[in-house]
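Visitor: I'd love a close look at one part of this model, taken slowly and with the cut-offs spelled out. Please start from the whole chain and then zoom in.

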Amino acid sequence: MKLWNILVQVQTQARFEISQETLLDLLVKTIEAIIIVVALLLIGRLVKGAIFKVSSRASRNPNLATLLSNLAYVAVLVICIIWVLSIYTGTGLSSLITLLGIISVAISLSVQDVLKNFVAGIFLLLEQPFRIGDRIQVHEMQGRVQTIEIRTTKLITDEGLQVIIPNGIVFTEIVTNRTASEYSLVSIYLTLKEGQNLSEISKKVTETLHSFGPIQIASKPAPALHLESVATGITKATLDFWVGKEVAPSIKSDVAAALRQALPEVDLSTIKSV
């Protein structure tokens with residue numbers, strides 16, 4: 001009986017000593033992990049801020065600076081996670097990197113659409129086929145670019161609606177940038193009645209447009225009056241002219257009003273601008 005009590009006492013003491021060693025080792029690892037986390041978070045913020053400042057000076061695209069700085073911060077966080085895991089598991093960094101690679105492959109297979117839009121967003125920010133404020137058209141959607149984010153591009157339509165388009169669609173489809181040129185095309189449709197001479201109408205149109213000057217209406221490319229169709233007693237033509245992007249939007253209605261005054265006998269219909 002005494003021998004049994006001695007054995008139980010020795011086993012209990014051994015368990016307590018092992019627990020103390022385990023707790024001490026865990027405490028040391030935790031302190032080391034906390035120091036590494038705090039240090040890398042501070043380094044990550046410094047790197048993020050430095051990259052954002054450098055990118056902002058080198059590029060006029062604010063989203064590009066945000067993208068690069070966030071990617072740098074995420075990279076530091078990944079290094080931090082790998083380092084902390086290696087401390088607690090005792091596994092080498094190479095084994096952990098391999099494990100994370102396998103996990104990332106599994107995740108990428110399950111979220112292909114998200115990753116596709118993510119990668120497309122990076123390429124859009126790097127290549128800059130359009131910028132914030134540009135007027136673009138994707139499929140049948142047309143509007144002014146509000147933001148270019150990692151996953152989506154947001155447009156504001158003429159009706160004031162917000163349209164959110166996945167970057168994968170924007171990157172792979174045909175995109176029309178209507179503000180890439182410094183001029184925009186304006187078209188006015190004219191309908192001439194029987195007996196009206198198109199050449200005389202063309203001279204009056206030219207005189208009217210010249211009264212606005214080259215600052216408001218571009219001389220290159222020059223305004224052009226195109227004959228569209230000739231039917232019984234009716235002739236239809238289209239007047240195309242270009243206005244600068246900095247010109248007030250009222251120039252279109254001003255030109256139409258001047259033409260109506262100069263050509264009261266001609267029917268002016270829809271004004272189309274591109």
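How many helices and strands does the secondary structure of the protein chain come to? After that, please show me which residues in α6 meet which residues in α7, and what lies around that contact.

Guide: Happy to. This is a predicted model, in which local features need pLDDT of at least 70 and side-chain atom pairs count only at pLDDT 80 or more, while totals for chains, interfaces and linings use all residues. Residues are numbered from 1 along each chain as its sequence is written, and side-chain values use heavy atoms, leaving out hydrogens and water.

The protein chain has seven helices and nine strands, taken as DSSP runs numbered from the N terminus (H or I of at least four residues for helices, E of at least two for strands). Of its 274 residues, 28% are buried; here buried means under 20% relative accessible area, exposed over 50%, and partly exposed in between, using a 1.4 Å probe and protein chains only. Among contacts with a separation of 6 or more, 61% join residues 24 or more positions apart, where contact means heavy atoms within 4.5 Å.

Now to your helices. Two packed helices are described by the angle between their axes and the distance between the axes. Helix α6 covers residues 198–210 and helix α7 covers residues 251–262; their axes come within 10 Å and cross at roughly 135°. That angle makes α6 oblique to α7. The axes are lines fitted to C-alpha atoms, for helices over the stretch in contact, with angles running from 0 to 180 degrees between N-to-C directions. Under 35 degrees counts as roughly parallel, over 145 as roughly antiparallel, 65 to 115 as roughly perpendicular, and the rest as oblique. The crossing of α6 and α7 is right-handed, the near helix being turned clockwise from the far one by less than a right angle, whereas anticlockwise would be left-handed.

Look next at the side chains in this contact. From α6 come Lys 204, Val 205, Thr 208 and Leu 209, and they meet Val 255, Ala 258, Leu 259 and Ala 262 of α7. By class that gives six nonpolar residues, one polar and one charged. Nonpolar covers Ala, Val, Leu, Ile, Met, Phe, Trp, Tyr, Cys and Pro, charged covers Asp, Glu, Lys and Arg, and the others, Gly among them, are polar.

Two residues of this contact lead us outward. Val 255 of α7 is also touched by Phe 241. Phe 241 sits in strand β8 (residues 234–244), and it is buried because its relative accessible area is 0%. Leaving out residues up to four places away in sequence, Phe 241 touches Ser 184, Leu 185, Val 186, Ile 188, Ile 217 and Pro 223 along with Val 255. As for Val 186, its C-alpha lies 5.4 Å from that of Phe 241, although the two are 55 residues apart in sequence.

Leu 209 of α6 takes us to Pro 223, which contacts Leu 209, Ile 217, Ala 218, Asp 240 and Phe 241 once neighbours within four places in sequence are set aside. You will find Pro 223 in the loop between α6 and β7 (224–231). With 32% relative accessibility, Pro 223 counts as partly exposed, whereas Phe 241 is buried. The C-alpha atoms of Pro 223 and Val 186 are 9.6 Å apart, with their positions 37 residues apart along the chain. Ile 217 is a partner of Phe 241 and of Pro 223.

To recap the route: the α6 and α7 contact includes Leu 209 and Val 255; Pro 223 is in contact with Leu 209, and Phe 241 touches Val 255.
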